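This report sets out selected features of a single protein chain. It moves from two helices to a loop residue, a cavity and the overall fold.

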Amino acid sequence: MLTIDGVTVRLGGRAILERASATVPIGARVGLIGRNGAGKSTLMKALIGEIEPDDGEISKPSRARIGYIAQEAPSGSMTPEEVVLAAATERAELLAELETCTDMDRMGDVHERLLAIDAYSAPARAAKILNGLGFDEEMQQRPVDSFSGGWKMRIALGALLFSEPDILLLDEPSNHLDLEATLWLENFLKSYPATLVVISHERDLLNKVVDHILHLQGGQLTLYPGGYDAFEKQRAERAAQLAAAKASQDAQAARLRDYVARNSARASTAKQAQSRAKMLAKMQPIAALMEDPTLSFDFPDPAQLKSPMITLEQAAVGYGEAPPILKRLNFRIEADDRIALLGRNGNGKTTLARLLASQLAPAEGAVNAPGKLKVGYFTQYQVEELAGEDTPLDLMNRAMDGQSQGAIRAQLGRFGFSGPRANQRVDKLSGGERARLALALITRDAPHLLILDEPTNHLDVDAREALIQALNTYTGAVILISHDRHMVELTADRLVLVDGGTAREYAGNMDDYIDFILGRKPKGDGIRSDAAKGRPGTPKTVAQARFAQSELGKAEKALTRASAEVERLDAQVLDASSKPGADGAKLQSLLTARAKAADALAAAEQDWLAAGTALEAIEQG
């Protein structure tokens with residue numbers, strides 16, 4: 001077993017782990033989760049011996065090989081294939097020995113051992129892993145130094161997976177992956193034959209791969225059976241128990257304080273009062289569940305803009321004098337679209353996003369958009385560039401130059417930077433906080449279109465859920481590039497596949513696309529045909545089903561957004577009505593908006609029911 005016994009780790013005088021304990025059974029598949037900054041990576045480093053605990057002990061099975069990606073990415077003239085093969089150290093040592101060995105008996109022993117460890121199929125296995133991580137045959141033979149930092153980390157991940165350690169430790173393995181490689185990794189880890197501990201904020205990975213959740217909170221560890229959804233249910237039950245216990249304790253403390261106050265001065269009851277005062281002093285307070293400002297996302301709604309918002313007509317786009325990366329681009333973006341761009345990294349998703357954000361001009365054809373269109377474009381580079389002594393308030397003051405302090409602070413408050421948080425130095429913020437700040441900056445003028453390129457890389461699971469809710473209540477259009485399948489499924493109602501030098505509408509849904517990526521369906525087979533169900537299908541029937549399924553998906557997203565809007569207005573009505581001296585005009589305005597939102601919700605429910613009935617009728621023939 002992997003045992004963490006009373007481990008305390010202090011960094012910079014602060015206890016990151018404090019008497020943390022947990023036992024991981026051999027062969028378990030554990031998802032290590034916790035809020036950003038909770039200490040997950042610190043615990044990983046303690047497990048591999050990079051950090052020595054200040055107290056407590058970590059024990060591992062004797063002779064167990066522990067695998068963990070080093071902080072430094074591989075470099076040099078070796079190829080990705082050579083780097084991955086070298087990770088099988090015993091194989092490499094035996095092959096090197098064969099080159100100089102002259103003892104025939106020893107050579108026989110070496111060959112026998114090479115056969116036992118399946119060494120001769122190693123190149124094929126290495127190629128399969130690299131291919132799954134996005135390296136085609138040509139890329140596998142290029143020097144490592146020809147790749148960017150993100151691709152080098154993929155090589156490091158490939159080498160670690162190929163080495164098959166007895167205890168595999170992964171710290172956010174999908175951060176440098178696209179959706180396609182993430183799906184492959186998820187499938188690979190499902191069948192990993194040894195103990196696995198993975199830090200991840202990917203809800204799907206945590207549900208499909210792991211069988212335990214190790215939750216790190218307040219320096220303490222709690223092990224839950226099951227995947228993430230099971231953990232969420234258990235955590236909710238625990239939170240309810242905690243709230244009930246706190247209410248009971250508060251009532252008991254109030255009774256004790258009242259008794260002490262009434263009886264301390266009377267000689268006949270002074271002793272009992274003193275006893276109760278000691279009880280009160282020894283009572284360990286149950287912490288209240290605090291509202292977490294790191295979950296704050298609230299996109300300002302834009303002014304209405306007629307559809308289509310953007311039209312591409314035979315457009316092509318690239319960089320400089322080089323041939324265009326994408327050609328024959330023909331599609332429209334409507335004012336309320338929710339579009340996810342699919343396709344492997346390198347196929348041109350970011351190039352298309354930059355074209356739509358007017359950061360690149362079309363090399364051919366036309367991109368038509370109204371002059372008053374406002375676009376908010378989020379990239380990881382913006383997050384990485386937020387550093388230094390500036391505060392969120394400094395940055396927003398410059399970005400909203402000329403606007404009132406009230407408007408500036410209101411925009412920061414939408415993203416959790418209220419009060420003192422607005423004056424924290426940016427270089428002291430966590431990655432998730434900088435991501436929220438970048439989102440606050442790009443939406444300062446209420447854009448009509450949000451283009452989000454991997455917005456979740458620095459966000460934990462709870463923050464991702466908050467971002468999904470905010471996107472679903474935002475009334476503008478959204479274009480999303482994300483390796484987080486859960487986010488794509490809950491926010492997008494149109495899929496666009498960027499592949500083969502162009503971008504086209506993908507006819508199927510995410511399940512169809514996943515089947516295609518994992519080789520379970522041919523490309524383009526986005527929906528199960530009638531023939532697959534044992535009945536002859538016609539092109540017309542398949543087209544009708546695809547259309548009906550697309551309409552159902554749109555109706556589901558519209559229903560989600562309408563429901564979220566009603567919930568948002570209910571909260572505002574409750575807040576406005578509960579304040580002393582409530583503003584009657586404001587409350588009436590909110591009630592009117594709530595009535596309109598309720599009508600919209602009822603209409604969305606009818607559309608959803610109608611779309612489901614239509615699809616069912618087509619599928620039943």
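## Helices, a loop residue and a cavity

The buried residues of helix H15 are covered by elements that include helix H14 (392–399) and helix H16 (431–442). The model described here is predicted. Helix H15 spans residues 405–413 and contains Gln-411. Its buried residues are Ile-408, Gln-411 and Leu-412. Viewed down the axis of H15, these buried residues fall within an arc of 100°, so they line one face of the helix. This agrees with a general property of such elements: an α-helix has 3.6 residues a turn, so residues three or four places apart point the same way.

Gln-411 deserves separate mention. Because its relative accessibility is 5%, Gln-411 counts as buried, the cut-off being under 20%. Apart from residues up to four places away in sequence, Gln-411 touches Pro-300, Met-396, Met-400, Ala-440, Thr-443 and Arg-444.

Helix H5 offers a second case. In this helix, residues 122–132, the buried positions are Ala-122, Ala-126, Ile-129, Leu-130 and Gly-132. Seen along the axis of H5, they fall within an arc of 160°, so they line one face of the helix. The face turned away from that buried side carries the exposed residues Ala-124 and Lys-128. The buried residues of H5 pack against helix H2 (80–86), helix H3 (89–100), helix H6 (137–140), helix H7 (149–163) and helix H8 (179–190). Just after H5, Gly-134 adopts a positive phi of about 105°.

The two helices are set side by side below.

| Helix | Buried residues | Arc of buried residues |
|---|---|---|
| H5 (residues 122–132) | Ala-122, Ala-126, Ile-129, Leu-130, Gly-132 | 160° |
| H15 (residues 405–413) | Ile-408, Gln-411, Leu-412 | 100° |

Helix H8, one of the partners of H5, is preceded by a loop that holds a further buried residue. Asp-178 is located in the loop between strand S6 (167–171) and H8. With a relative accessibility of 2%, Asp-178 counts as buried. The side chain of Asp-178 reaches the backbone nitrogen of Ala-181 at 2.8 Å. When neighbours within four places in sequence are set aside, Asp-178 is in contact with Arg-154, Arg-344, Asn-345 and His-483.

His-483 also appears in the lining of the largest cavity. Across the whole structure, a search finds 3 cavities of 30 Å³ or more, and the largest has a volume of about 70 Å³. Its lining consists of Leu-179, Thr-182, Leu-183, Glu-186, Glu-202, Arg-203, Asp-204, Leu-205, His-483, Asp-484 and Arg-485. The elements that give two or more residues to this lining are H8 and helix H9 (203–208). H8 provides the largest share, 4 residues. By class, the lining has 3 nonpolar, 2 polar and 6 charged residues.

Finally, the protein as a whole may be summarised. The protein has 21 helices and 18 strands. Of its 621 residues, 45% count as buried. The C-alpha atoms fill a box of roughly 100 × 70 × 55 Å, taken along the principal axes. Among contacts between residues at least 6 apart in sequence, 68% join residues at least 24 apart.

Definitions and conventions. Residues are numbered from 1 along each chain as its sequence is written. This is a predicted model: local features need pLDDT of at least 70, side-chain atom pairs count only at pLDDT 80 or more; totals for chains, interfaces and linings use all residues. Side-chain values use heavy atoms; hydrogens and water are left out. Buried means under 20% relative accessible area, exposed over 50%, partly exposed in between (1.4 Å probe, protein chains only). The arc is that of the directions from the helix axis to the C-beta atoms. Contact means heavy atoms within 4.5 Å. A polar contact is a pair of N or O atoms within 3.5 Å; within protein, one must be able to donate a hydrogen and the other to accept it, and residues adjacent in sequence count only if both atoms are side-chain atoms. On a 1 Å grid over the protein atoms alone, a cavity is a set of points where a 1.4 Å probe fits but cannot get out, and a pocket is an open set with protein on both sides within 12 Å along at least five of seven lines; lining residues have an atom within 4 Å of a point. Grid points are joined across faces, edges and corners, and a volume is the space filled by probe spheres set on the points. Ala, Val, Leu, Ile, Met, Phe, Trp, Tyr, Cys and Pro count as nonpolar, Asp, Glu, Lys and Arg as charged, and the others, Gly among them, as polar.
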